[in-house]
Amino acid sequence: MSTLEADTVLYSILALVIIENALEIYIAVRQVKVYRSALTVPNELKAHMSEETFHKARKYGLDQENFGIFKALLMDVLLLCLELYVGLIALIWQLSLNVVERLHWDASNEIVVSLVFVLISNVLSTFKSLPFKLYKIFVLEEKHGFNKQTAGFFAWDQLKGFLVTQVVMLPITAAIIFIVQRGGDNFFIWLWIFTGVISLVLLTIYPIFIAPLFDKYTPLEQGPLRKSIEDLAASLKFPLTKLYVVEGSKRSSHSNAYFYGLWNSKRIVLFDTLLLNKGKADDSELTDDEKGKGCTDEEVLAVLGHELGHWKLGHVTKNIVIMEVHLLLMFLVFGYLFKYAPFYEALGFQPGTRPILVGLLIVFTYVMAPYNAIINFAMTILSRRYEYQADEFAHKLGFEHQLGRALIKLNLDNLGFPVYDWLYSTWNHSHPTLLQRLARLKELGQSQKKVQ
């Protein structure tokens, strides 16, 4: 009976993987058809977007989507199903046991074996993903003018990323297993409290200690832009303590801005690629392609008005609360199901072998997959709602036209394609499309005029 149950579990997981990825690929193919058929600039953008830029964006989007489909078919369908079928996870666990025994460590200590298991799995995962990273950065992004990384920069970046991941991940893994082993019947509550605290700690320390290991952060120099940002923050009672520019242009020419920090210590980070001519008064250091790109001070202020709207409207806090409720439910289900033997036997483990870490993987990744898909879709919808609200907040600050221009510029500089299949956009986009946001800003402006 146990073998039959294990086979049922295995084939159910395989079916779930195939169905989930088939849905994702179907939706992606719909967007590929849009890239191939949408050949004219939308009327709303004809004054801003040239035919040349439109077709560059179309080809960039098409290349990205085709690459994504190929990667999904190879990695997420063929290779993953093969790994599950041959019991690769159980083989790595056995290898971990062998390594622990060879090093004369305690092979009966599940925490020790699990840490070796995590390390081996991460090494394997790194090498599996490496060809795709190399192609994406040095072929796809290079082809469309976005890659700024050298081979040496990439190699050092990957090595640092791997080492930092292990330093953070291994102690957390050990703590999780310890809590499950010692937490009693209600261990999932202690696990939830632990992960909640760790999440807040990581949110605090990542930008301060970890992010600077990968990119250079410098204070925004004194001047009109800094003064305007500080005045805006003060008017909203935003507790701004630091204002940085990150040298993202060494990695990519894509641009962004964000804020971080808990309670009364907030920091704002601007990508240098967001600023007009990277914020340089002398543009002689820039390439011809870089000159004229980025937003004016007014447009940067409008972007930050939008970002600060997320803070003022409590979007970050709401997302943290939702995440914590979600985690509690996930741990509760894990607590009830992780001892179910066929889960482990389905992945190639011998009867009686039930590693806690593997149980966590099975429940979170496969058992809860339908629930995760629903939650992710719901969060995508909620995120779009938040974006509209933040746009409206920026509009109320008087940034309607500046925000509209900034959105268009950022879209052009990042070669964002303005036309999307409705299902693709609904399923994938955490932000409304450019045309949707411009239409909403226009609608808000017209409503304001009627009131006046």
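These legends accompany close-up views of a predicted model.

**View 1. The largest nonpolar core and its best-connected members.**
This core holds 56 residues. Leu45, Ile229, Ile268, Leu270 and Val300 touch the most other members. Helix H2, residues 51-86, supplies the largest share of the core, with 8 residues. Another core lies apart from this one and has 49 residues. Leu14, Val333, Tyr344 and Val358 are among the members of that other core.

**View 2. Leu45 and its contacts.**
Which residues does Leu45 touch, not counting residues up to four places away in sequence? They are Ile408, Pro418, Leu434, Leu435 and Leu438. Leu45 also belongs to the largest nonpolar core.

**View 3. Pro42 in the loop between helices H1 and H2.**
Helix H1 spans 2-37, and Pro42 sits in the loop between H1 and H2. Is Pro42 buried or exposed? Pro42 counts as buried, because its relative accessibility is 12%, and buried means under 20%. Leaving aside neighbours within four places in sequence, Pro42 is in contact with Phe54, Pro418, Val419 and Leu435. Take Pro418 from that list. Pro42 and Pro418 are 376 residues apart in sequence. In space, their C-alpha atoms are 7.8 Å apart.

**View 4. A salt bridge within helix H2, from Lys56 to Glu52.**
Side chains of opposite charge can pair when their charged atoms come close. Here, the closest N and O atoms of Lys56 and Glu52 are 3.7 Å apart. The two residues are 4 apart in helix H2, so about one helical turn separates them. Lys56 is partly exposed, with a relative accessible area of 44%. Glu52 counts as exposed, at 54% relative accessibility. The whole structure has 14 salt bridges.

**View 5. A salt bridge between helices H13 and H8, from Lys409 to Glu299.**
The side chains of Lys409 and Glu299 meet at 3.0 Å, N to O. Lys409 lies in helix H13, residues 400-413, and Glu299 lies in helix H8, residues 297-312. The pair therefore ties together parts that are 110 residues apart in sequence. How exposed or buried are the two partners? Lys409 is partly exposed, at 27% relative accessibility. Glu299 is buried, at 2% relative accessibility.

**View 6. A buried salt bridge pair, Arg437 and Asp391.**
The side chains of Arg437 and Asp391 meet in this salt bridge at 2.8 Å, N to O. Arg437 belongs to helix H15, residues 434-451. Asp391 belongs to helix H12, residues 369-396. The pair links distant parts of the chain, 46 residues apart. Both Arg437 and Asp391 are buried. Elsewhere, Glu298, Glu299, Arg405 and Lys409 form one network, joined by salt bridges that share partners.

**View 7. Helix H5 packed against helix H11.**
Two packed helices are described by the angle between their axes and the distance between the axes. Helix H5 covers residues 151-182, and helix H11 covers residues 356-367. Their angle is about 95 degrees, and their axes are 10 Å apart. That makes H5 roughly perpendicular to H11, because angles of 65 to 115 degrees count as roughly perpendicular. Which residues make the contact? From H5 come Thr173, Ile176, Ile177, Val180 and Gln181. From H11 come Ile356, Leu357 and Leu360. By class, the contact has 6 nonpolar, 2 polar and no charged residues.

**View 8. Lys237 and Leu415, two residues with positive phi.**
Most residues other than glycine have a negative phi. For Lys237, phi is positive, near 60 degrees. Lys237 lies in the loop between helix H7 (224-235) and strand E2 (240-246). Lys237 is exposed, with a relative accessible area of 68%. For Leu415, phi is positive too, at about 50 degrees. Leu415 lies in the loop between H13 and helix H14 (422-428). Leu415 counts as buried, at 12% relative accessibility.

**View 9. Gly184 in the loop between helices H5 and H6.**
Helix H6 spans 187-210, and Gly184 sits in the loop between H5 and H6. Gly184 is partly exposed, with a relative accessible area of 44%. How far apart are Gly184 and Val123 in space, C-alpha to C-alpha? The distance is 33 Å, for two residues 61 apart in sequence.

Definitions and conventions
Residues are numbered from 1 along each chain as its sequence is written. This is a predicted model: local features need pLDDT of at least 70, side-chain atom pairs count only at pLDDT 80 or more; totals for chains, interfaces and linings use all residues. Side-chain values use heavy atoms; hydrogens and water are left out. A nonpolar core is a set of buried Ala, Val, Leu, Ile, Met, Phe, Trp, Tyr and Cys residues joined through side-chain atoms within 4.5 Å. Buried means under 20% relative accessible area, exposed over 50%, partly exposed in between (1.4 Å probe, protein chains only). Contact means heavy atoms within 4.5 Å. A salt bridge is a side-chain nitrogen of Lys or Arg within 4 Å of a carboxyl oxygen of Asp or Glu. Axes are lines fitted to C-alpha atoms, for helices over the stretch in contact, and angles run from 0 to 180 degrees between N-to-C directions. Angles under 35 degrees count as roughly parallel, over 145 as roughly antiparallel, 65 to 115 as roughly perpendicular and the rest as oblique. Ala, Val, Leu, Ile, Met, Phe, Trp, Tyr, Cys and Pro count as nonpolar, Asp, Glu, Lys and Arg as charged, and the others, Gly among them, as polar.
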